Amino acid sequence: MTRSEVLDARRVVVKVGSSSLTTAAGGIDPERVSRLVDVLADVRARGIEVVLVSSGAIAAGLAPLGLSARPKALAAQQAAASVGQGLLVHRYTEELARHGLVAGQVLLTVDDVSRRAHYRNATQTLSTLLDLGVLPIVNENDTVATSEIRFGDNDRLAALVAHLVSADLLVLLSDIDGLYDAPPATPGATRIAEVADIDALEVEVGSVGAAGVGTGGMVTKLDAARIACSSGIPVVLAAADDAADALVGKPVGTLFHAAGRRRPRRLLWLAHATETLGTVTVDAGAARALVERGASLLAAGLIGVRGSFVAGDPIAVEGPDGVAIARGLVNYDAEELADLVGAQGVREVVHRDDLILL
Ligand SMILES: Nc1ncnc2c1ncn2[C@@H]1O[C@H](COP(=O)(O)OP(=O)(O)O)[C@@H](O)[C@H]1O
Ligand SMILES: N[C@@H](CCC(=O)OP(=O)(O)O)C(=O)O
């Protein structure tokens, strides 16, 4: 039986991991890139828009730098990515050109999906590229991302991009042919064909794949699936070798059914992509107002402020017991807010539209 979620999709985000693009020695395998591009070109020929999120910059930079394995130090990874990203996109550009398709490179940082203005820019750029018939190739902007503000893996980035472009489907291609009920090397581990409700899923996951070039392993793929499904986007996780079948809806890999409605765009990044820059502690009355009535947070409920932030930054909101209850975009700088503690003011610290309950 074919999967209607796949057949009905008009806009698809496909993510391919480093482990699916590299040779055993760790460099980029031009044949694997070529095979992937053939599949993507077929999808495009069916009138479906495609955004590719491709890892592999670091892997592509290893050989030119005379390195045999992914370096541990962040600066060395960034150097490898700087060398490799151009080579990687060059490969894609040449391969897509064989099919008469044009590639566009889009490098994103965490800020691009967490700051409101950047988010809008990223959305506009991607939708313009799609309108122009370009096939955007997205990666993290590794050369400028520091360890604190890094996605580090492209799985979550792909889910956020899927949301950003309002995709109908997210396809995660990996070296493994789906989600298993235990790390695949475990005797008796079996593939799960469908996940109806990801929040009810209980599986044992390991971290890194056999090739040793990927990051995050299944943990980050499940995070990505959770982000996409919770915003109404179904996910197929499949082996890169099964990409053609996965993209015509054959029952390969694992299908995660979407849950719920699409959330407003801004709030999705607030929930998943944001590093909060501070925390405000609120009293029990304010905590109840937020949770039970969906109210805005007013200064009168503040009992503490921590961190360093300016107006517009994402912050965490915790109750008097220190348990986080919400995230929001704050209307004041940290110093201004500290002065409002205990002031019994009615000033709005976080507007209800800028709050997401956890
Ligand atoms: N429960 C599980 N089901 C499937 N794969 C798992 C599981 N737990 C751990 N893994 C590992 O996750 C790996 C995929 O992650 P990763 O190496 O980061 O790939 P990619 O480069 O495609 O992002 C698989 O090769 C597998 O070894
Ligand atoms: N941005 C990095 C990708 C990080 C990474 O390895 O991700 P993945 O292979 O998807 O687990 C790169 O291009 O090398």
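**The ligand 2 shell, a helix pair and the domain layout**

In this predicted model, ligand 2 is surrounded by 17 residues, and the closest of them are Gly17, Ser18, Ser55, Ala57 and Ile58. Two elements, helix 3 (57-62) and strand 4 (135-140), each put two or more residues into the shell around ligand 2. Helix 3 makes the largest contribution, with 3 residues of that shell. Sorted by class, the shell around ligand 2 comes out as 10 polar, 4 nonpolar and 3 charged residues.

Next comes a pair of packed helices. Helix 7, covering residues 154-164, packs against helix 8, covering residues 217-230, with 8 Å between their axes and an angle of about 15 degrees. Angles under 35 degrees count as roughly parallel, so helix 7 and helix 8 run roughly parallel to each other. The crossing of helix 7 past helix 8 is right-handed. On the helix 7 side, the contact is made by Asp155, Arg156, Ala158, Ala159, Leu160 and Ala162; these meet Thr220, Lys221, Asp223, Ala224, Ile227 and Ala228 of helix 8. Taken by class, this helix 7 to helix 8 contact holds 7 nonpolar residues, 4 charged ones and 1 polar one.

As for the overall layout, the domain assignment splits the protein into domain 1, spanning 4-268, and domain 2, spanning 276-357. Going by C-alpha atoms, the centres of domain 1 and domain 2 lie 35 Å apart.

Conventions:
Residues are numbered from 1 along each chain as its sequence is written. Chains are lettered from A and ligands numbered from 1 in the order in which they are written. This is a predicted model: local features need pLDDT of at least 70, side-chain atom pairs count only at pLDDT 80 or more; totals for chains, interfaces and linings use all residues. Domain bounds come from an automatic or database domain assignment. Axes are lines fitted to C-alpha atoms, for helices over the stretch in contact, and angles run from 0 to 180 degrees between N-to-C directions. Helices (H or I, at least four residues) and strands (E, at least two) are DSSP runs, numbered from the N terminus. Angles under 35 degrees count as roughly parallel, over 145 as roughly antiparallel, 65 to 115 as roughly perpendicular and the rest as oblique. A crossing is left-handed if the near helix is turned anticlockwise from the far one by less than a right angle, and right-handed if clockwise. Two residues are in contact if their C-beta atoms, placed from the backbone, lie within 7 Å. Ala, Val, Leu, Ile, Met, Phe, Trp, Tyr, Cys and Pro count as nonpolar, Asp, Glu, Lys and Arg as charged, and the others, Gly among them, as polar. A residue is near a molecule or strand if its C-beta atom, placed from the backbone, lies within 6 Å of it.
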